[in-house]
Every structure is written in C-alpha cells, then in structure tokens.
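I opened this entry to look up how the two chains meet and what lies around one helix beside that meeting place. My notes follow in the order in which I checked things.

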Amino acid sequence: MEDEAEIVPFPQDDERQIVAFGGGGFSMEAGNPLLDDYVLELARARRGRPRVCFLPTASGDADHYVVRFYRAFGAAGCEPSHVSLFRRDRGAADLRDHLLSQDLIYVGGGSVISLLGTWRAHGIDAILAEAWRRGVILCGLSAGSLCWYSQGVTSFHGEVLRVRGLGLLPWSNCVHYGSKQGPRESYHAMLRRGMCPGYAAEDGSALHFRGSRMVAAVASRPDARAWCVGDGGDRVIETALPTRFLGGEPRPGGDELQAVA
Amino acid sequence: MPGPIVAIGGAEFQMRPENEALHDYIVSLLDAPAPRVCLVPTASGDPRDQIGAFHATMERRGAVASSISLFRLGEDAIDPAAHLLAQDAIYVTGGSMVNLMALWREHGIDVLMRQAHERGILLCGYSAGSMCWFETGISRGAGAPAPVAGIGLLAGSHCVHYSQDPARRDAYRTAVAAGGIGPGLALDDHAAALFRDGRLVEAVRSRKTAAAFHVDAGPDGVAETAVAARLLPAPGAAPEPGLEEMRELRRMRSTRPPGPGRLGRRD
C-alpha cells in the first residue's frame with residue numbers, strides 16, 4: 001500500500017471550511033489571539049469586515065462567556081454577534097438567515113452532549129450543515145470542535161463518553177489531547193473497538209479542513225501538537241502532524257504537510 | 001404513592017414578599033426536619049447566580065439545598081440518578097422549555113423525574129419548570145409562543161405568565177380553542193397550584209392580583225373559568241426563626257403522629 005501512496009494536491013478551492021481547535025482561543029488563552037486571528041484571517045477572504053457569530057450553546061449561553069467573546073472580537077475589525085438558544089428572540093426564519101449570512105461561526109466550549117441536544121431541538125444542526133456547504137467558515141474549540149466530526153470522545157461529564165457529532169467531517173476527534181479532559185487511552189481503546197480513524201488535538205493546536213480533508217495543522221504555542229490516529233490492526237497508529245506555530249517563523253518543513261487521509 | 005407537584009406561574013429567588021411566600025409554601029409541604037431540595041436549572045442554562053440565590057432561599061428555611069447542572073456534570077461529579085432520587089423535593093426553574101425538554105431527554109433526566117414522582121418526591125417549579133410536568137406547555141423557546149410537549153406527569157396543558165404575557169395567553173387560548181392541545185391550567189406570576197394524584201388540590205397566590213384559570217374549548221372558542229386561589233400569609237408576619245429553631249420545628253413536625261393538630265401540613 002505504502003508504495004502506491006500518491007501525493008494528493010490540497011483542495012484549496014473547496015469552500016467548505018472547518019477549523020477545529022483542540023483547545024485555545026479567547027476562551028482558554030487570554031492574551032494569545034493566534035488561533036482566533038487565524039480563523040479571522042480566513043473569514044477576511046470572504047469579506048473585508050467579516051461577520052462573526054458566536055454560539056455559546058455548550059456553556060448554557062453563559063453570560064460571562066458571551067461578554068468575553070465581544071471583548072475578544074469587538075475590536076478585531078469584524079462584525080460580531082451571538083445567538084442564544086436559551087433566550088431566543090429570533091424566529092426560526094430569522095435564526096437561519098442570520099447564521100447563513102455569516103462569514104465565520106464560532107462555537108464555544110462546554111458540554112458537547114448538551115450542545116448537540118439543544119441544537120437538534122432548534123434545528124441548528126441542519127442550518128450549520130447548510131452554512132458549511134455555502135462556504136460559511138465553521139470553527140470552535142473543545143465541544144465546538146467535537147461537534148463537527150462523526151464521532152468524538154469526551155470526558156467532560158466525568159466518565160469517558162463516546163459522542164456522535166454532526167458528521168460534517170467523516171473522522172473521529174479527541175480534544176485537549178493528552179490532558180485529563182482528553183483521555184488518550186480511552187480514545188485509543190475506542191479506536192481499537194471500531195471507532196473511525198481521526199484527529200487528536202492538544203490544547204493550543206487547531207486543524208483546518210477543506211471539505212473533509214485536513215489542509216493545515218496550526219498552533220498558538222510552539223509545543224502544541226496534533227495527531228492523526230487510527231487502528232493499525234494490532235495497535236493504534238498515532239502520527240504527529242507537521243504543525244505550524246502561528247507566532248513565529250514557520251518550522252522547517254512545516255509547510256510540507258501532505259494529505260494524511 | 002406518587003409525590004405532589006406544585007406548578008408556579010412565575011417567581012424567582014429574589015427576597016421579595018411575593019417570592020418568599022411561595023417558597024415558604026413549598027417548604028411547608030415537606031415533612032423532613034431538614035428537607036433535601038435539589039435545583040435543576042437546565043432551562044436557563046445553569047446560571048451560577050440563580051444557583052446561589054436558590055441555595056440562600058432554601059437554606060434560610062432550614063432545607064439542605066443542592067443543584068444539578070447538566071452543563072457542568074464532570075466538574076460537579078454528581079450522579080444525577082442517585083442524587084435526584086434521594087431528594088425530598090426537586091425544584092425546576094424557568095427559561096427555555098424547548099431546551100429543557102431536549103436536554104432532559106439527552107441526559108435521561110425525564111426518566112429520572114418520572115421515577116422521582118413515583119417515589120413520592122415533591123416536584124415543583126416556575127415558568128418552564130412548571131409547564132414541564134404537564135402534557136403540553138406554551139413556550140417562547142423557539143421565538144413566538146407555541147405548544148411544546150412536557151413529560152406528562154399531569155394531564156392536559158398549562159400556560160404560565162398568563163396575565164403578564166398577552167402573546168403567550170393568546171397563543172394558549174387559540175391552541176385550546178382549536179383543540180390542538182387539551183384543556184388545562186393558566187397561572188399568573190405568583191399564582192401556584194398543588195396537585196396530588198394528578199388532581200388539583202388547591203390553588204394559592206402570594207400577590208392579591210394573581211389569578212388561576214381553567215381554560216377549555218367552549219362555544220365561543222374558549223371558556224375561561226377562574227379557579228379560587230387562597231392568598232398565602234405574608235412572610236415575615238412572625239419573627240423569622242433562626243436556622244436551628246427552624247430545624248427543631250421540623251423535627252417536631254415529623255415526629256408527631258399525623259392528626260388535625262399537626263403543624264403546617266395542608267392536606
């Protein structure tokens with residue numbers, strides 16, 4: 001198989017983009033805007049002053065979280081807004097129009113199970129899939145990363161749970177990889193039991209997808225890493241992805257990332 | 001024997017007389033010396049200020065307060081099943097009924113609530129936390145007021161904030177008149193209703209102007225019948241007993257044999 005491997009050109013023209021953070025951005029890295037700047041830059045390709053909508057659903061629409069979003073994005077040369085599903089003042093049509101008119105939809109962290117349940121109740125899952133197909137960039141951290149994949153592993157609720165996401169990315173995902181909240185062993189055990197292969201991202205790293213293909217791994221910290229993981233038959237194969245640190249000079253070879261799946 | 005259910009048309013935990021009287025009423029229905037009362041603030045997204053206010057409200061009454069935040073289950077390390085089923089009362093607050101029902105289903109809380117009811121635990125709540133016990137409520141959870149299915153421990157429909165939210169009231173009356181949802185109970189803010197065995201035992205109010213109505217389809221579309229609501233005693237009429245005295249009082253109540261002389265029990 002390895003002999004037949006061919007280098008596939010990146011589908012840079014695929015407008016469907018997702019940037020999934022293992023952890024980081026304004027929610028977790030006060031004073032380090034590198035990951036947020038990365039997604040904002042992508043959004044600027046769509047509009048000079050991009051529209052950025054925050055979905056704090058996974059936190060129960062916590063007020064302090066919404067305030068922190070506006071603090072981080074209010075002065076960032078964009079048009080920030082947020083949608084609260086606990087205090088809905090928009091009708092269904094408005095909600096859809098609002099989300100589809102965005103350039104970037106930013107999903108906050110928290111409980112992924114509560115996030116997906118609430119989204120389904122409001123039909124947000126279908127709207128986000130439509131937004132993605134139309135080229136609205138989707139991003140988020142933690143629960144806001146897991147939600148885009150077919151499957152994920154979370155220990156947010158104490159015990160380790162397997163979750164089904166929206167499935168826009170046909171992979172599995174583990175966030176906060178290697179920390180207590182990102183249980184590496186449990187993820188590997190699930191991969192061995194038939195969970196589809198996927199991506200593990202440490203805090204401070206983010207995976208950029210076009211369509212279902214990963215086109216870049218970036219990081220807000222020099223040592224943050226991301227991995228491609230899958231069941232290799234007798235063991236789990238964990239491949240470190242060349243990760244570009246956004247805060248300095250690109251590492252040698254950092255741009256030579258090849259399609260990994 | 002299934003536990004009682006108290007539906008409240010609207011309230012909060014701020015120390016205002018009309019809220020305090022309702023909380024006195026709920027605690028008066030519990031028999032334990034230091035009743036365990038758990039807050040389930042799902043409908044409003046588990047806000048910490050509400051949780052703090054609930055603890056203060058219940059602890060002032062000698063109750064042992066706790067809460068279950070579905071958005072922070074890992075952090076709090078509470079087993080929802082074991083915890084909820086060990087309570088004397090479960091208090092559900094308002095917010096979005098749409099989200100409340102979706103999240104309960106997602107986390108299996110709807111099943112636990114049914115079990116809690118069957119075990120005799122008192123269930124209560126205001127706004128979304130009042131409508132959730134019925135077959136149908138009228139929720140603004142999706143923007144405009146519209147019928148939403150509850151867990152159905154009580155038959156029929158229920159509308160909260162009845163006189164305070166005219167659009168909700170109109171949507172409720174229209175839905176009942178059209179037969180889309182069953183007849184039911186409408187409650188103003190600070191009006192409440194006690195149900196035992198699925199039957200309305202009494203309606204109460206903590207504000208003179210608060211009212212309760214039975215709403216049914218009628219010849220002219222909708223028939224609205226006022227339900228007599230007893231005005232609750234104003235809190236603070238008697239000097240507030242200290243925490244220990246309150247516990248002492250509860251201990252006395254719970255050890256006395258049931259009878260007409262029993263303190264504080266409204267059967």
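For the contact counts I took two residues to be in contact if their C-beta atoms, placed from the backbone, lie within 7 Å. The model is a predicted one, and I noted its scores as ipTM 0.82 and pTM 0.85.

I looked up the interface and found that 21 residues of chain B are in contact with 23 residues of chain A. On the chain B side, the elements that give two or more residues are α3 (73-76) and α5 (97-107) of chain B, and the largest share, seven residues, comes from α5(B). Sorting that side of chain B by class, I listed nine nonpolar, nine polar and three charged residues.

I then turned to confidence in chain B, where the mean pLDDT is 91 and 90% of the residues reach 70 or more. Residues 257-267 of chain B have a pLDDT below 50, and beyond near neighbours in sequence this stretch has five contacts in the model, so I read nothing further into it.Next I examined helix α4 of chain A, residues 112-122, and found it mostly covered, with 10 of its 11 residues buried. Among the buried residues I listed Val112(A), Ile113(A), Leu115(A), Leu116(A), Trp119(A) and His122(A). What do the buried residues of α4(A) pack against? Within chain A, I found α5 (124-133), α6 (143-146), β6 (149-154) and β7 (161-164), and from the other chain, α5 of chain B. Just after α4(A), I noted that Gly123(A) takes a positive phi of about 70 degrees.

Note on methods:
Residues numbered from 1 in each chain as written. Chains lettered and ligands numbered in written order. Predicted model: local features only at pLDDT ≥ 70, side-chain atom pairs only at ≥ 80, totals over all residues. pLDDT = per-residue confidence, 0-100. Helix = DSSP H or I, 4+ residues; strand = E, 2+ residues; numbered from the N terminus. Nonpolar A, V, L, I, M, F, W, Y, C, P; charged D, E, K, R; others polar. Buried ≥ 20, exposed ≤ 12 C-beta atoms within 10 Å, placed from the backbone.
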